[in-house]
Amino acid sequence: MHSIHDKLAIEEIRKRLRIEPGHVRRLRNAFYKKQETPAEALEQLPAPQRRIFGSEVAFHFLTCHSRHDSQLDGASKLLYRTASGQMIESVILRIASGRTSLCVSSQAGCAVGCCFCATGQLGMARSLTHHEILDQVIQANRALGAEGRSIRNVVFMGMGEPMLNETEVYKALNVLLSPQCFDLSPAKILVSTVGIPDAMVRCAERFPRLGMALSLHSARQAQRERLIPLARRYPLARLRKAMEHVTSIQRRPLMVEYLLLAGLNDTDQDLSELLCYLRGLRVHVNLIPYNVIANATGLIGTAAERRCWFAARLTEAGFTATVRYSLGADIAAACGQLARLETAPA
Ligand code: SF4
């Protein structure tokens, strides 16, 4: 079986079955852009070849296990099962401005082990294929079609560390950007990483117009290692060099994600080291309130007043800074929370 996302294989099948290129173009248009089902999209092919093409090409790679719609705001979580049995998740974010974003997973589980993250507590199962990454977009887009919406933004902020699955993430990005497939603007895609310096540079060189977010969370090495164990391998000085390189290539400022945790990274000293670390870099700082996870080990989010104070000091120092509004608190929308609940023994 070949994948609909594999252009070379589809071209080989098209030639063998003597299908006109225009028919395949219309099939792709129906499947990727018009949110049609595989059966509907296949109607774009001449009847004699339709059945054989459909029997040789796979359109879906994940089984939708359940959907959870927030009663508080515009978030929906989609939980999928892979063919090898792992649970992964995507989150649809309907922003008040009318924009619809999808947060996708790049791995089933994660080896980075961030102490504040539900996925980190799941451990690592395996990296997802680009077919599985793309199927999250296909299935979410189809679910949104019923509401007259479609996905405008894709963020790689779900389960897993995208830069530890570079090859498959890049293949998925190529399909998302391809004019014959999703045709998304690179400005509408954001890849988030905990900071793997060489991979960040490679990604920026390959996709210079893409958005990139770095989960910094602390500008103090010891604190950062406590929050993100993988940070031991990538000291802050080395990360800073990668940030300089990335910001010199990309048009958009680098998004710096900073999860605010009481007493851990929100003290006056934390702020002054952060300001010092970021000085001279073209970055946008996104301060994130802590979304409490079940069985968390004593982490407490920074109070709202202190979050605003932190943002104000960053702004005074000349940085653009925002405090992120978290959607989906009632559906465990933070990365990995729902998959973790579904995976946990009853
Ligand atoms: S925050 Fe991201 S990198 Fe860290 S454990 Fe969770 S999924 Fe992995």
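Visitor: How many residue pairs are in polar contact across the interface of domain 1 and domain 2?
Guide: Keep in mind that this is a predicted model. Pairs at this interface enter the count with both residues at pLDDT 80 or more. On that basis, the residue pairs in polar contact between domain 1 and domain 2 number 8.

Visitor: Which helix gives the largest share of the side of domain 1 that touches domain 2?
Guide: That side of domain 1 divides into 3 nonpolar, 4 polar and 4 charged residues. The largest share of it, 4 residues, comes from one helix, spanning residues 21-33. That is helix α2.

Visitor: With charged residues on that side, what is the count of salt bridges between domain 1 and domain 2?
Guide: Side chains of opposite charge can pair when their charged atoms come close. The side of domain 1 that touches domain 2 does include 4 charged residues. Even so, the count of salt bridges between the two domains is 0.

Visitor: Which residues of domain 1 lose the most area to domain 2?
Guide: Let's start with the whole interface: the two domains bury about 1200 Å² between them, with 58% of it on carbon and sulfur atoms. In domain 1, three residues together make up 53% of what that side buries. They are His-5, Tyr-32 and Gln-35.

Visitor: What distance separates the centres of domain 1 and domain 2?
Guide: The domain assignment places domain 1 at 2-58 and domain 2 at 62-343. In contact across the interface are 11 residues of domain 1 and 16 residues of domain 2. Taken over C-alpha atoms, the centres are separated by 33 Å.

Visitor: How many charged residues are in the shell around the ligand?
Guide: The ligand is surrounded by 11 residues, the closest being Cys-110, Cys-114, Cys-117, Gly-120 and Gly-160. By class, the shell holds 7 nonpolar and 4 polar residues. For charged residues, the answer is none.

Visitor: Which residue forms a salt bridge with Glu-89?
Guide: The structure holds 17 salt bridges. In this one, Glu-89 sits in strand β5 and its partner in strand β4, 12 residues apart. The closest N and O atoms are 2.8 Å apart, and the partner is Lys-77.

Key. Residues are numbered from 1 along each chain as its sequence is written. This is a predicted model: local features need pLDDT of at least 70, side-chain atom pairs count only at pLDDT 80 or more; totals for chains, interfaces and linings use all residues. Side-chain values use heavy atoms; hydrogens and water are left out. Domain bounds come from an automatic or database domain assignment. Contact means heavy atoms within 4.5 Å. Buried area is the accessible area (1.4 Å probe) that two parts lose on being put together, summed over both. A salt bridge is a side-chain nitrogen of Lys or Arg within 4 Å of a carboxyl oxygen of Asp or Glu. A polar contact is a pair of N or O atoms within 3.5 Å; within protein, one must be able to donate a hydrogen and the other to accept it, and residues adjacent in sequence count only if both atoms are side-chain atoms. Helices (H or I, at least four residues) and strands (E, at least two) are DSSP runs, numbered from the N terminus. Ala, Val, Leu, Ile, Met, Phe, Trp, Tyr, Cys and Pro count as nonpolar, Asp, Glu, Lys and Arg as charged, and the others, Gly among them, as polar. A residue is near a molecule or strand if one of its heavy atoms lies within 4 Å of it.
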